[in-house]
2 protein chains.
Amino acid sequence: MKYHNTDFYALPGGFVRLNEDLNTAVRIGLKERTGLDNIFLEQFYTFGNVSRFKPEIMKQIMEVNGGVNENVWILERFISVAYYALINYDDVELTPDAISESCDWYDLDNLPELIFDHKEIISKALATLRANLETKLMGVNLLPPMFTMKDLQKVYEAILDEKLHRGAFQRKILSMNLLKRHEKQFSGAAHKAPFLYSFER
Amino acid sequence: MKYHNTDFYALPGGFVRLNEDLNTAVRIGLKERTGLDNIFLEQFYTFGNVSRFKPEIMKQIMEVNGGVNENVWILERFISVAYYALINYDDVELTPDAISESCDWYDLDNLPELIFDHKEIISKALATLRANLETKLMGVNLLPPMFTMKDLQKVYEAILDEKLHRGAFQRKILSMNLLKRHEKQFSGAAHKAPFLYSFER
DNA sequence: ATTTATTGTCTCACTTTGTGACAATATTAA
DNA sequence: TTAATATTGTCACAAAGTGAGACAATAAAT
C-alpha cells in the first residue's frame, strides 16, 4: 500500500483490539483489503526488534492524515505478527485503508522500496512458504475450483522460482491422493485435452 | 514453574519492555532461569486468542504474591510469542522467578497440569522441533563439545520418540558433512571405542 | 586366550526421484 | 480428408536415497 501524499510503501497491516483474537484481527484486515473470507492464512514470524520502528516516518504519515493528537499510541514502538495468505489474484478487489491512497499487487522482482523492515518480512514469508510447500497443501485458494495439472505446476514453479519436470511433478502430486480427477474439458487448444482436478477429497 | 502457594504450573515466560528487543527479552529470561547464554533459540508461534487468558487465575497468583495494586496491566489480556531452546540438561542451574516457588524439568510424558494454553504451546513446540529436525541443525547445545555418534542418535530418538536404525543414521549424518571427527576416546567400556565428533567445521 | 558388547562399514533389496520417450488426441494447416 | 503441431498421460530406465541385516574390528572382562 502507498500512504497518502508520501512516497512510503508498506505491507498491509493493522492492530489487534484489546478484546480481539489475533487471528480474527488478521482475517478482518484481510477481508477489508481484499474482500475475501475463508482464506488460507499462515503465521510465519513475529518481528519485535526496537530498531524496526521509525517514529519519524510514522509521524510524517499521520501528519498528512490529520495529525497525531488522538493517536499518540501509534507513535510508540510496536511488535508485528506476520502472516501470509494464499489468494487467487482474480478473486480480489483491492481496497486501500483510510490513510493510504492505493493498495496494489507488485511482482516480487519489481517491488517498490518499503518502509521499516517490510522487505525482510517478505523475504521471510517467501522462505517459509517455500519450505512448507512440500509438506503443506498446495494451490488451494490460488486456483479456481477446477484446474489442470499444468495450472498447479505453474503455481509451484512461481512460488519456487524454478522449472519442474512435468512427468515427475504429475507423479508426485497424484501419489499424494489429494486431488480428485474430473471429466476432461475440451479446451479449444490444438492438442490433447487435459484432465481437470479439484482439491475435494 | 510452580507459583507460590498455588497448584498452578506454567511455562517460564516474561514480558517485553517498551524499549527492549523481543529476542533480547527472551534471552534475558532464559538466562535468568537457566544461567545460560548463547543458546539456540527458535520462535515457533505467537498465541493471541483472547480466550487463552484467564484473569481469575492471574489474580489468584498475584494475590499470593502481595496483591495486584501496582500491576493492573498484568490482569489484562496478553499475547505470547513462544520460543523453544535446545539446552544441555547438565549445564543448567534452574532458578525460579520471584513469584514462583520452583522451576524444574518434567518429562513430556509426566507433565503436571498447566495453566492457560501452555499444554498446547508445548505440543506446538514439539511439532515444530520435529519438523525442523531434518532440515535444521541437530544436537547443538544438547551435547557436550565432543560426543559420539550414539550420543547424537539418542538426541534424535528422544526428540522424535522413535528408534532409528544405527547404520542408516550414521550414514545420513556423516553425509551432511557437518561433523568433524576426532581421535577415539578409550571409553573404558568392554567394546570397540567409538569416534568422537564435534560440530565444528 | 576367550568371551562379550559395541563400533564402523558394507552389501543387498527396496523405494524414490530425474529424465527422456512414446502413443494419444484436439485443433489447425494443407 | 490427410498431415502437421502442440500438449497430454503414462511408462521405462537410470540414478540416488533408505531400511535392514551382516561382518570384521576392538576394548575390556573373564
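Which of the 21 residues around DNA strand D come nearest? The legends below address this question and the arrangement of the two protein chains in a predicted model.

**View 1. Residues around DNA strand D in the predicted model.** Arg166(A) and Phe195(A), together with Arg171(B), His191(B) and Lys192(B), come nearest among the 21 residues around DNA strand D. By residue class, the surface near this strand comprises 9 charged, 7 nonpolar and 5 polar residues. Helix α5 (166-175) of chain A and helix α5 (166-175) of chain B each contribute at least two residues to that surface.

**View 2. Polar contact with the phosphate of DNA strand D.** The side chain of Arg181(A) places a polar atom 3.1 Å from a phosphate oxygen of DNA strand D. Sugar or phosphate accounts for 52% of the atoms of DNA strand D within 4 Å of the protein, and bases supply the rest.

**View 3. Polar contacts with bases of DNA strand D.** In chain B, an N or O atom in the side chain of His165(B) lies 3.1 Å from a base nitrogen of the strand. In chain A, the contact to a base nitrogen comes from the backbone: an N or O atom of Ala190(A) lies at 3.3 Å.

**View 4. Relation between chain A and chain B.** Chain A superposes on chain B with an RMSD of 0.1 Å after a rotation of 180° with 0.0 Å of shift along its axis. The two copies are therefore related as by a two-fold rotation axis. Of the interface residues of chain A, 100% are also interface residues in chain B, so the copies meet through the same surface.

Technical notes:
Residues numbered from 1 in each chain as written. Chains lettered and ligands numbered in written order. Predicted model: local features only at pLDDT ≥ 70, side-chain atom pairs only at ≥ 80, totals over all residues. Heavy atoms only, no water. Least-squares fit on C-alpha atoms with pLDDT ≥ 70 in both. Contact = heavy atoms within 4.5 Å. Near = heavy atom within 4 Å. Polar contact = N/O pair within 3.5 Å; in protein donor to acceptor, adjacent residues only side chain to side chain. Helix = DSSP H or I, 4+ residues; strand = E, 2+ residues; numbered from the N terminus. Nonpolar A, V, L, I, M, F, W, Y, C, P; charged D, E, K, R; others polar.
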